[in-house]
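Please look over the model shown below before reading on. The report takes up the ligand site, then a few loop and strand residues, and finally a patch on the surface.

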Amino acid sequence: MSAGMTERVRPAKLTPAFLDGLVTRVPGSTGNTWKLTEVYTGDVLTELPQSSESDIERAVATARAAQREWGSWPLRKRLKVMKKFHALVVRNQLLITDLIQAESGKNRRMAFEETCDVPMGTSHYIKRAPKLLKDRKHAGPVPVLSSSTEVRRPKGVVGIIAPWNFPFATGISDTIPALIAGNGVVLKPDNKTALSPLFGVRLLEEAGMPRGLVQVVCGEGPDVGPTLMAGVDYVMFTGSTATGRVIGETAGRHLIGCCLELGGKNPMLVLADANVDEAVHAALFGGFGNSGQICMHIERLYVHDSLYEEFRDKFVAATAAMTVGATYDFGPDLGSLVSVDHRDRVASHVDDARAKGATVLTGGRARPDLGPAFYEPTILEGVTPDMLAGSTETFGPVVGLYRFRTEEEAIRLANDTDYGLNASVWSTDLERAMDVARRIDSGNVNINDILATAFASKGTPSGGLKQSGVGARHGDQGLLKYTDAQNIAVLKKQVMEPQGDQTYEAYARQTRITLKLMRWTGIR
Ligand code: NAD
């Protein structure tokens, strides 16, 4: 594993004045701050205000007041802002890439690809929203004399709680459909990675969004969460399954809706007829993209017996040749993990596996010579379910390699987990791969790709099954979840009761005949 060290110097645009300017919008009345650091070096970039309960209550009230105006705008006026926002994101894409890299420590390729998610999602909903949000006429119970209209109303104020691994994508991409639907937003990014979402909010305002409509509050999750959730009308959460459970319980107590996008332990299946070289190439990204800190990345790699040795040898050699480095150019294949705490957690999974008898085929060590939180891409063989890396999400650059003999066995192993977020199936026979995909209990399955094809298909809902989530982002429901359906029904003449001196018995007889007739003719 070699190190790339060319553009180590922090990008010139990330001046103290620029970074301090970004965090000024975060309310912090008590004066408490959090030291937001550059991951590659541990240098403090800025002091992030920490929001108190009253700051959060005020933020919700401000967003609510601004929402009344925004929600009354015709959709085309809101979409005009979004079109401008899209252009601003593309114009500022490399600066956003710099911000993401500095705060998360990821390599430049992953930071750049993260920035692409926001324009893609925005563009999709600009096109789709007019159809989804327009009133829909439905038949009423009585033909001709009645009708019902489905009206989509914004929820009000949406709370968006985002993790550190894709701070700009989860923070801003989830905000956009909420805004298009007419809501205000209170966004809570992770303390470590608040800069890129704060810049996204600045661009929204530059694009013409009313000031105050999107509020950003910061603090440790358990400090901010309860007050935020007591104030908002819906919550969109992305993070770990453990926290998701807390959010779901709190949402239940407040009787508000929530969408939970949670963790995974994602399998990749290389079937007997797969192209080994393509699968190996993809597995490098699948296992080690974003240093394994992608909710949809691969932690369990199942290879058919007939290909196993060839696949293993090529995968180990290619992994050992990957470059790891702390640079702001497109050089290194891997960047850093997000923090020293997280590096220690990843290391504890590898050490536990090693102690319980797994073999480290490559990697398996931290790289303090590169920066405080670096860890090498690691392949394990002989992982068993009693090991931490065998059953719980590692969320780092660590892949377990397994052998299977039949497709039945591969499917059983793939499904032998509490999670169900993503899976990847490799085969040259698409029909066969499709058949396997349908039998995997996972919200996303990518055939001959790892994750990008499913995640970037913005028209299709993307969410987790089992302990990986509730609800979905993308697709029509990715916008409609931020609305309530109001049913406005019109009756032109009252005929759903006995007419004149008709007895109820006669009315009941007539109703039964009518029910039969309507079914028979297909009217209702
Ligand atoms: P996390 O659950 O620790 O934190 C996520 C966010 O929730 C942070 O902003 C955190 O401050 C906040 N939070 C924590 N406790 C809270 C509480 N009690 N109330 C309110 N907010 C609270 O997760 P993480 O470590 O930041 O992120 C990594 C996890 O996220 C992994 O499990 C990963 O798989 C998952 N993830 C899932 C998706 C997806 O789309 N399914 C996407 C990205 C990440």
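What follows is a report on selected features of this structure, which is a predicted model.

**The ligand and its surroundings**

The shell around the ligand consists of 26 residues, and the closest of these are A162, S240, T243, L262 and E393. Sorted by class, this shell comprises 13 nonpolar, 8 polar and 5 charged residues. Polar side-chain atoms of three residues, W164, K188 and S240, lie opposite oxygen atoms of the ligand at the distances listed here.

| Residue | Atom of the residue | Atom of the ligand | Distance |
|---|---|---|---|
| W164 | polar side-chain atom | oxygen | 3.1 Å |
| K188 | polar side-chain atom | oxygen | 3.0 Å |
| S240 | polar side-chain atom | oxygen | 2.7 Å |

The ligand taken alone would expose 860 Å², and the protein buries 87% of that area. Two or more residues of the shell come from each of the elements α9 (221-231), β9 (234-238) and α10 (241-254). S240, besides its polar side-chain atom at 2.7 Å from a ligand oxygen, is also listed among the closest residues to the ligand.

**The stretch from V142 to S146**

V144 belongs to the loop that joins β4 (136-139) and β5, and strand β5 itself covers residues 146-154, with S146 among them. Most residues other than glycine have a negative phi. V144, although it is not a glycine, has a positive phi of about 70°. V144 counts as exposed because its relative accessibility is 72%, which is over the 50% cut-off. S146, by contrast, is buried, because its relative accessible area of 10% is under 20%. A polar atom of the S146 side chain lies 2.7 Å from the backbone oxygen of V142.

**A second positive phi**

N290 is likewise not a glycine and has a positive phi, here of about 55°. The residue is located in the loop between α11 (276-288) and β12 (298-304). Is N290 buried or exposed? With a relative accessibility of 4%, N290 counts as buried, whereas V144, at 72%, counts as exposed.

**A nonpolar patch on the surface**

I513, L517 and W520 together make a nonpolar surface patch of about 400 Å². L517 is placed in helix α19, which spans residues 504-521. L517 counts as partly exposed, because its relative accessibility of 43% falls between the limits of 20% and 50%.

How values were computed
Residues are numbered from 1 along each chain as its sequence is written. This is a predicted model: local features need pLDDT of at least 70, side-chain atom pairs count only at pLDDT 80 or more; totals for chains, interfaces and linings use all residues. Side-chain values use heavy atoms; hydrogens and water are left out. Patches are made of residues with over 30% relative accessible area and no salt bridge: like charges are joined within 9 Å, nonpolar side chains (Val, Leu, Ile, Met, Phe, Trp, Tyr) within 5 Å. Accessible areas come from the Shrake-Rupley method with a 1.4 Å probe; for residues, only the protein chains shown count as cover. A salt bridge is a side-chain nitrogen of Lys or Arg within 4 Å of a carboxyl oxygen of Asp or Glu. Helices (H or I, at least four residues) and strands (E, at least two) are DSSP runs, numbered from the N terminus. Buried means under 20% relative accessible area, exposed over 50%, partly exposed in between (1.4 Å probe, protein chains only). A residue is near a molecule or strand if one of its heavy atoms lies within 4 Å of it. A polar contact is a pair of N or O atoms within 3.5 Å; within protein, one must be able to donate a hydrogen and the other to accept it, and residues adjacent in sequence count only if both atoms are side-chain atoms. Ala, Val, Leu, Ile, Met, Phe, Trp, Tyr, Cys and Pro count as nonpolar, Asp, Glu, Lys and Arg as charged, and the others, Gly among them, as polar.
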